[in-house]
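Reader: I'm new to this one. Can you show me what we have, and then I'll ask about it?

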Amino acid sequence: MDELNIKTKFMRNMLSKILETVLRKKTGYKVKIQLNAIQVSITEETAHIHINVDGEMNVDEFKKISRIIGLED
């Protein structure tokens, strides 16, 4: 079994900034992302991914997303 753990603050911050940029370009929403940890375990046939992440965004944008995905009427 192979494992990948990303725990260093430098790598987590770099990946957070990449995700923020991709989300902003793809969706137009500005979301502040803080990755706390990423763990990947790979066996012969499956990959198990655990991501601990916090996000922060404008309330109006959150309401728009909630309406789009059907969480709010």
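**Helices, strands and contacts**

Reader: How far apart are Lys17 and Glu20 in helix H1, in helical turns?

Author: About one helical turn, because Lys17 and Glu20 are three residues apart in H1. Helices (H or I, at least four residues) and strands (E, at least two) are DSSP runs, numbered from the N terminus.

Reader: Before going on, what kind of model is this?

Author: It is a predicted model, in which local features need pLDDT of at least 70 and side-chain atom pairs count only at pLDDT 80 or more, while totals for chains, interfaces and linings use all residues. Residues are numbered from 1 along each chain as its sequence is written, and side-chain values use heavy atoms, with hydrogens and water left out.

Reader: OK. What do Lys17 and Glu20 form with each other?

Author: A salt bridge, with the closest N and O atoms 3.8 Å apart. The term means a side-chain nitrogen of Lys or Arg within 4 Å of a carboxyl oxygen of Asp or Glu.

Reader: How many salt bridges are there by that rule?

Author: The count comes to one.

Reader: Is Lys17 buried or partly exposed? And Glu20, buried or exposed?

Author: Lys17 is partly exposed, since its relative accessible area is 49%. Glu20 is buried, at 12%. Buried is under 20% relative accessible area, exposed is over 50%, and partly exposed is in between (1.4 Å probe, protein chains only).

Reader: Ser16 sits in H1 too. Is it buried or exposed?

Author: Ser16 is buried, because its relative accessible area is 4%.

Reader: What does Ser16 touch?

Author: Ile33, Gln34 and Leu35, leaving out residues up to four places away in sequence. Contact here is heavy atoms within 4.5 Å. For Leu35 there is also a polar link: a polar atom of the Ser16 side chain lies 3.0 Å from the backbone nitrogen of Leu35. A polar contact is a pair of N or O atoms within 3.5 Å; within protein, one must be able to donate a hydrogen and the other to accept it, and residues adjacent in sequence count only if both atoms are side-chain atoms.

Reader: Change of topic. In what order do the strands of the sheet come?

Author: S1-S2-S3, as an open sheet of three strands with antiparallel pairing. Strand S1 (2-6) and S3 are the edge strands, each pairing on one side only. Two strands pair if DSSP finds at least two bridges between them.

Reader: How many bridges are there between S1 and S2, and how many between S2 and S3?

Author: Five bridges join S1 to S2. S2 and strand S3 (residues 47-57) have eleven. A hairpin through four residues joins S2 to S3.

Reader: Which residues is Ser41 paired with?

Author: On the S3 side, Ser41 stands opposite His48. Ser41 is also the bridge partner in S2 of Glu3. Next to Ser41 in number, Val40 has Ile49 as its bridge partner in S3.

Reader: And which residue of S3 is opposite Ile38?

Author: Ile51. Ile51 is in contact with Ile38, and with Leu35 and Ala37, leaving aside neighbours within four places in sequence. Ile51 counts as partly exposed because its relative accessibility is 47%. The C-alpha atoms of Ile51 and Val40 are 8.6 Å apart, with the two residues eleven apart along the chain.

Reader: Which residues make up the largest nonpolar core?

Author: There are seven: Ile6, Tyr29, Val31, Ile33, Leu35, Ile38 and Val40. Strand S2 (residues 31-42) gives the largest share, five residues. Such a core is a set of buried Ala, Val, Leu, Ile, Met, Phe, Trp, Tyr and Cys residues joined through side-chain atoms within 4.5 Å.

Reader: Tyr29 is on that list. What does it touch?

Author: Tyr29 touches Leu23, Arg24, Met57, Glu61, Lys64, Ile65 and Ile68, again not counting residues up to four places away.

Reader: Last topic. Where is Asn58?

Author: In the loop between S3 and helix H2 (59-69). Asn58 is partly exposed, because its relative accessible area is 42%. Its C-alpha is 7.8 Å from that of Lys30, and the two are 28 residues apart in sequence.

Reader: Which end of H2 does Asn58 cap?

Author: The N-terminal end: a side-chain oxygen of Asn58 lies 2.7 Å from the backbone nitrogen of Asp60.

Reader: And what comes just after H2?

Author: Gly70, which takes a positive phi of about 85 degrees.
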